[in-house]
Structures are given as C-alpha cells and as structure tokens.
Amino acid sequence: MKRLIFATNNKHKVQEVRAALQGHVEVVSLAEAGLAGEIPETADTLQGNALQKAQWVWERTHTDCFADDTGLEVDALDGAPGVYSARYAGEHCSFDDNIDKLLAALDGKTDRKADFRTVICLIENGEPRYFEGRVDGHILTERHGAEGFGYDPVFMPDRFAVSFAEMPLDVKNSISHRGLAVAKLKEYLEAK
Ligand code: IMP
C-alpha cells in the first residue's frame with residue numbers, strides 16, 4: 001500500500017483523513033514518522049501554506065507526503081479569517097477564543113454566509129500537486145454540538161439542519177471541505 005506522511009500535528013485531522021483513505025493509502029502521522037517540531041506556515045494563501053508544510057516534511061524525509069491548509073471564509077468579513085483562521089483571536093489562542101471573536105464580529109449581521117476551503121498539497125518525488133475542496137454554509141449565532149474541532153460548533157453547511165459539531169465524523173467527511181479535497185486526492189492516487 002502507498003505510504004504518505006501527513007504533515008500535521010492535529011490529531012483530529014489525522015483521524016479524519018486516515019478514515020477517508022482507509023484501504024488505499026497508509027497515512028503516517030508526523031510522530032509515527034519520527035518528526036517533531038512546529039511546521040512553519042507563513043504564506044498568505046492556503047496553497048502557499050500547504051506547499052510550505054509539505055515541503056518541510058519532504059526536505060527532512062524525502063518520502064512522499066502531503067499537507068492541507070484550510071480557511072473559514074466569511075462573506076460579511078470580506079473573506080476573513082481565511083488563511084488566518086487558526087490564529088484569528090491571536091497567537092496561541094484556543095478554538096473557543098476564535099469562535100468568541102467570530103460571533104462578536106458577526107453580532108447583529110444578517111448576512112452570515114461562509115465557506116470552508118481546503119487546499120491539499122501532495123509532494124511525490126519532490127513534485128507538488130494541488131487538490132481543493134469547498135463547502136458552503138453559514139455561521140450560527142451560538143454553539144451547537146460537541147463533535148469535531150475548530151469552528152465546527154458554529155458552522156452549518158447548506159442543505160443540513162445541524163452544525164458540523166452535531167454530525168457523525170463519516171457524515172462530516174462526506175461533505176466537508178477537507179473531505180472533498182481528500183476525495184480528489186484519493187481519486188488521483190487510485191487512477192495511477
Ligand atoms: P488548518 O490550516 O487546516 O490547520 O486550519 C486552520 C484553522 O481552520 C484550524 O485551526 C481551525 O480553527 C479551522 N478549521 C480547519 N478545518 C476545520 C474543520 O473541519 N472544522 C472547523 N474548523 C476547521
């Protein structure tokens with residue numbers, strides 16, 4: 001089976017992506033690959049950050065690998081927090097801090113449309129290739145649900161009446177930004 005190192009320190013993401021690629025690809029976490037440390041992500045686009053993170057692993061291992069970068073893009077905030085979604089409320093802030101800041105920024109606003117967009121950068125034999133997934137929805141006025149991570153409790157995808165944090169993981173994976181990007185990655189790897 002093809003083996004790919006996933007350049008993330010986020011255990012939730014490893015779990016999600018491993019489930020999606022099960023039977024096709026062995027997804028190896030950074031810890032399992034013996035890699036430690038903070039991966040830099042200083043680019044100002046999702047694509048740039050995904051490349052930077054995958055390159056960090058490639059340079060250290062010369063093993064095929066991939067990285068993803070995701071942004072929550074809110075229409076009424078001109079696409080913010082976007083590429084800065086992880087540290088929207090400041091360096092080392094928590095998921096809860098980010099949600100509090102987002103709810104405050106949207107307080108009283110009727111346009112609550114938003115999307116999650118993920119870009120995956122796969123590096124094979126040193127060559128980068130990109131896969132993108134996007135899900136549209138809106139930001140709720142308060143938290144709902146306890147599953148998932150990040151902004152999940154306040155994001156309700158279109159055509160659903162529950163937040164991402166109220167969905168079983170397999171349902172979220174089947175419609176989410178990262179799920180769609182991973183599906184494209186899977187399709188590419190299967191076609192080889
Ligand atoms: P990352 O670049 O994929 O690490 O994502 C940046 C930030 O976006 C994360 O720190 C989360 O706050 C948020 N995020 C990414 N994916 C999700 C998701 O599936 N649900 C909720 N929030 C997410």
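Here are three short exercises on a predicted model, each with a worked solution. Residues are numbered from 1 along each chain as its sequence is written, and side-chain values use heavy atoms, leaving out hydrogens and water. Local features need pLDDT of at least 70 and side-chain atom pairs pLDDT 80 or more, while totals for chains, interfaces and linings use all residues.

**Exercise 1.** Describe the fold of the protein chain.

*Solution.* Start by counting: the chain has 5 helices and 7 strands (DSSP runs of at least four residues for helices, H or I, and at least two for strands, E, numbered from the N terminus). Next, read along the sequence, where the pattern is β-α-β-α-β-β-α-β-β-β-α-α. Finally, turn to the extent: the C-alpha trace spans about 50 × 30 × 25 Å along its principal axes.

**Exercise 2.** Find which residues come nearest to the ligand, and look at their polar atoms.

*Solution.* First, take the 16 residues around the ligand (those with a heavy atom within 4 Å of it); Lys13, Asp69, Asp152, Lys172 and Arg178 come nearest. Then check the distances. A polar side-chain atom of Asp69 is 2.8 Å from a ligand oxygen, and one of Arg178 is 2.9 Å from a ligand oxygen. For Asp152, a side-chain N or O atom lies 2.5 Å from a nitrogen of the ligand.

**Exercise 3.** Work out what makes up the shell around the ligand.

*Solution.* Begin with the elements: strand E3 (65–74) and helix H5 (177–191) each give two or more residues. The largest share, 3 residues, belongs to E3. Now sort by class: 5 residues are nonpolar, 4 polar and 7 charged (Ala, Val, Leu, Ile, Met, Phe, Trp, Tyr, Cys and Pro count as nonpolar, Asp, Glu, Lys and Arg as charged, and the others, Gly among them, as polar).

Methods:
Polar contact = N/O pair within 3.5 Å; in protein donor to acceptor, adjacent residues only side chain to side chain.
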